[in-house]
Amino acid sequence: MQQQTPAKKKKVKVPRVVGGVETMVEIEVDDEGGPEWGPNDKHTLLNHRLTRVDAPVKVSGAALYTHDRRLPGMLYGRVVRSPHAHARVLRVDASAARRIPGVRAVVGATDEEVVEGSNKAAGEAAKKNRTEAGGAEAAAGGKVVLFAGQPVAAVAADTPEVAEDAVRAIRVEYEVLPHVVRAEDSMKEGAPKVTPDPNEQNVEEREKRGDAAKTEAAFAQCDVIVEAEYRTPILHHSCLETHGNVVEYRGGDAATVYASTQGTFTIPSDAAQELGLKESAVTAIVEHMGGGFGSKFGIGIEGMLACQLSKQAKAPVHLMLTRKDEFLLAGNRSGSWQKFKAGATRDGRLVALRATQYRLGGLGRGSQAGQPYIYTAANFYREVFSVHTHEDASRAMRAPGHPQANFAMESLMDELAYKLGIDPLEFRKKNLKDTAYHRQLDRGAREIGWERRNRTPGGGAGALKRGMGCAVGTWGGGGNNQCKVDVTVARDGSVTVAVGSQDLGTGTRTLTRAIVAEELGLGINEVAERIGDSRLGNANSSGGSTTSASLSPSVKDAATNARLAVAAKVAPLLGGAKPEEVKFAAGQVSAGGKTLAWKQACAALPSAGITAHGEWKSNLQASGVHGACFAEVEVDTETGHVRAVKMVQVQDVGLPLNRLAVESQINGGMIQSLGMVLYEGRVMDAQLGLQLNPGFGDYKLPGSLEIPELVPLIDDEDKREAVIGVGEAAIIPSVGALANAVFNACGVRVRELPITPDKILMGLTKGGQTA
Amino acid sequence: MADERDEGRRKKNLPHDPSRRRFLKGVGVAGAGAALAEHLLLKSEAEPTASALADASTRPVEGALNLALDVNGQRRSVSVEPRTTLLGALRHNLDPPLTGPKLVCDMGTCGACTVLMDGKPVYSCLVLAVDAAGKRLTTVEGLGSPENLSGVQKAFVEHDGLMCGFCTPGFVTTVSAYLKKNPNPTLAEVREACKGNFCRCGTYPRVFEAALAASKKT
């Protein structure tokens, strides 16, 4: 379009993978023109502390979540789960269930080709297995379940109570097959094969990278060497709103699916396939949703079953998983087992690292960032494997693979630093090239008072010992070109911004409104937003912290276009000013010394108002954030109990769209790390193949008594005038910081999470080492 | 607060134990249901027949029971099963329903279903609907509306005491009840009051701020 003039160039930072590690590099790109955010400190709404626009309905119980949908004639669905980790389903007898008054539909859901757990392939299998006429019975015969909790049938009934009765009345006969739920057992010669897929072995190689021979040779130059193994258990997302959908299909050629999902636009195609409808005939609604953390993409096995039930009953079906279902069949964060040999020189350089990394994702592949993570090692070699077990497949969970990698690598860095006798903070700086980390480490150290740390781990008098630790983390958070946004300005002055995106509790509604309000010089409550509806403009799924960086540029573009369109109509009233010269501020529109109130100006619009469209602009977003965390803990050396005292996290984020929400995200990240480091972990019975703690009574989440003083700090030294997602970044560095603080406090290096009192006490009796 | 909500579970021998743990969630609730039937049929809207009363001590309670619930200052009739929880009755059986209290764990661990029963916070998933008949019930909807928020609700908005918001009705209800009991709490007391509520997004520090801010205004 503008080929006559040479394209303007501008420098942007983009993530690049160098040596298997994502780092930021500066490149030159064409300056496309169009809107820009301007300096981060010149905004009137953005980069301020904005209360959530959806807060009033959420604090008063008026917000309608999927779980809260009530439709005329709606049935309640429930899932029948396999009680065995590995079994052949011989027979599903639903005859008794069907005789219960109020039971309206029963479907079966098993297939021997279920290899990916509950999320995708199980759904595929359920689909293959669709039993339009025969119901659950048709599912019987030779089907194999691969984890305890895998759905084998589902029912729909008039009330939740009757649906539960029906679940109990369904008789399933199984031939129990040998199972394996521990990585060590799965890796043994002659272990039961986990999946029936002949191409998939229990241990699958994922990656080999680096130079094994050079690394081995480099250990000779090292002054200290640490060999250590670190483990993290499988974790649960624990979304308070369980997975589920309300499928409204009453026969005919259209359906509406209310979904608790991170991807409004992932729902219609999945549901359409299941219902036998055209994708365009299915509407997805995600008005409010109660947490996802990476576990809610696509309609899932529960959604497929809801569709089948709705189709069979020709009535709406509300199928929200129970809490136990949620633990057993709604995905999880993969566990990890990482074996290291690492060496450093006296001057504090990480010279050699050899890593064997096992991702423990059950039926899934799991995830784990490649080591040495964000550090620079002159020589490294890593081998990465997935080890399969008879457990539900892992899914993405807030920063997939990073907290696991962070715990292991940051613990290892700490061990090297103490062995060298170097300040762990200084040792990190020596091995981090990106100076953003240096700046953040220095700020965090000042904030927490790093000089107060225990000079000798475990030193000091008394049974209660305090200590500090630190760690760093990184994430991408850039956007992509998927969001289509429309801004409508009506002649009465009302403004609506519409896009099908979803708000997971991250503040999407608020930032969408704020961008438009700022552009038009209005208050945030003078703009309404419509989101969470697949009939609106397309939007990407909320995964990888991509929502803000994908959505905001499109909203900004639409708002800019709306401003120019309004200006063009109003300009004649303002002495014929050029549209781009018309100023929009403080509820007024002005140019050439003339000023109109917003509503007066809008009266000049055509009767239908104006609608402006917005597309993604790469220059309005960026990728790559840094974070540093410091934690202080107190360890009771008589009981082994660890109390987090204070956590400080410094996080850059480019342009913080809403400081209040960004701080809340950082708080949330620190708190979820606290859970991972001290409390949470799936516990399996290896013999029975069952999870022993599938509920909040036994799977410990951080509660109000465990929350330390939290100091979330936005790193405003990051001057990028660009939006970057921060949700996932926020959970990473605090993992290593907490674990390292425990060591500094009591001198016990616990290499397996969670750090429970038994491990501390064991370590204290063994002079600092745990088994 | 959490302690109060647990009271029912400890006082196992009270005749009207609000814990449904005494009951199987199945249809047959013979033994435990007997005393209950006597109490509740009298309170329900349905006129119990003489024979039903005569049999009440020996027969299981089953089938539909019509109750009147006093919720948010309104008398609401509702048809439930004996095993229906108060939470279930509010969310599923009332028409139109009250979906502010959330179903999250269904076993008295998370607090998202907290409602006030005669002013005291209870886990409504641990209270049988029939046991709530005749009690003064307040849900989060009864504390304030989006257009007319209570002081506690306003403080949650201002201090960002919520993210996804699914735990929020429980926290708002818990904090509201606690501030009535202790209008000027310390941070430690607020933490203690909230120990029966879980949040997964990690809003705790701001819930504490909101509670302390609301206390200063009351």
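Chain B is built with 10 helices and 5 strands, while the secondary structure of chain A comes to 18 helices and 30 strands. Please keep in mind that this is a predicted model. Chain B and chain A bury about 4400 Å² between them, and that shared surface is a good place to spend some time once you have met each chain.

**Chain B on its own terms**

- Chain B has 218 residues, and 59% of them count as buried.
- Among the contacts in chain B with a separation of 6 or more, 56% join residues 24 or more positions apart.
- The area that chain B exposes is about 8600 Å², with carbon and sulfur atoms supplying 53% of it.

**Chain A on its own terms**

- Chain A has 771 residues, of which 65% count as buried.
- For chain A, residues 24 or more positions apart account for 80% of the contacts with a separation of 6 or more.
- About 26600 Å² of chain A is exposed, and 49% of this comes from carbon and sulfur atoms.

**A helix to look at in chain A**

- Helix α4 of chain A spans residues 160-169 and is largely enclosed by the rest of the structure, because 8 of its 10 residues are buried.
- If you would like to find them in the viewer, the buried residues of α4(A) include A:P160, A:V162, A:A163, A:A166 and A:A169.
- Acidic side chains belong to the buried set of α4(A) too, namely A:E161, A:E164 and A:D165.

**Where the two chains meet**

- The contact draws 59 residues from chain A and 50 residues from chain B.
- Of the roughly stated total, about 4400 Å² buried between chain B and chain A, 59% lies on carbon and sulfur atoms.
- There are 6 salt bridges across the interface of chain B and chain A.
- A salt bridge you can pick out by eye joins A:D68 to B:R91, whose closest N and O atoms are 2.8 Å apart.
- Polar contacts link 29 residue pairs between chain B and chain A, counting pairs with both residues at pLDDT 80 or more.
- On the side of chain B that touches chain A, at least two residues each come from α4 (86-93), α6 (140-143), α7 (151-158), α8 (168-181), α9 (187-193) and α10 (204-217) of chain B.
- Sorted by class, that side of chain B has 25 nonpolar, 12 polar and 13 charged residues.

Key. Residues numbered from 1 in each chain as written. Chains lettered and ligands numbered in written order. Predicted model: local features only at pLDDT ≥ 70, side-chain atom pairs only at ≥ 80, totals over all residues. Heavy atoms only, no water. Buried < 20%, exposed > 50% of the residue type's maximum accessible area, 1.4 Å probe, protein only. Helix = DSSP H or I, 4+ residues; strand = E, 2+ residues; numbered from the N terminus. Contact = heavy atoms within 4.5 Å. Buried area = accessible area lost by both parts, 1.4 Å probe. Salt bridge = Lys/Arg side-chain N within 4 Å of Asp/Glu carboxyl O. Polar contact = N/O pair within 3.5 Å; in protein donor to acceptor, adjacent residues only side chain to side chain. Nonpolar A, V, L, I, M, F, W, Y, C, P; charged D, E, K, R; others polar. Areas by Shrake-Rupley, 256 points an atom, 1.4 Å probe, with all protein chains shown as cover.
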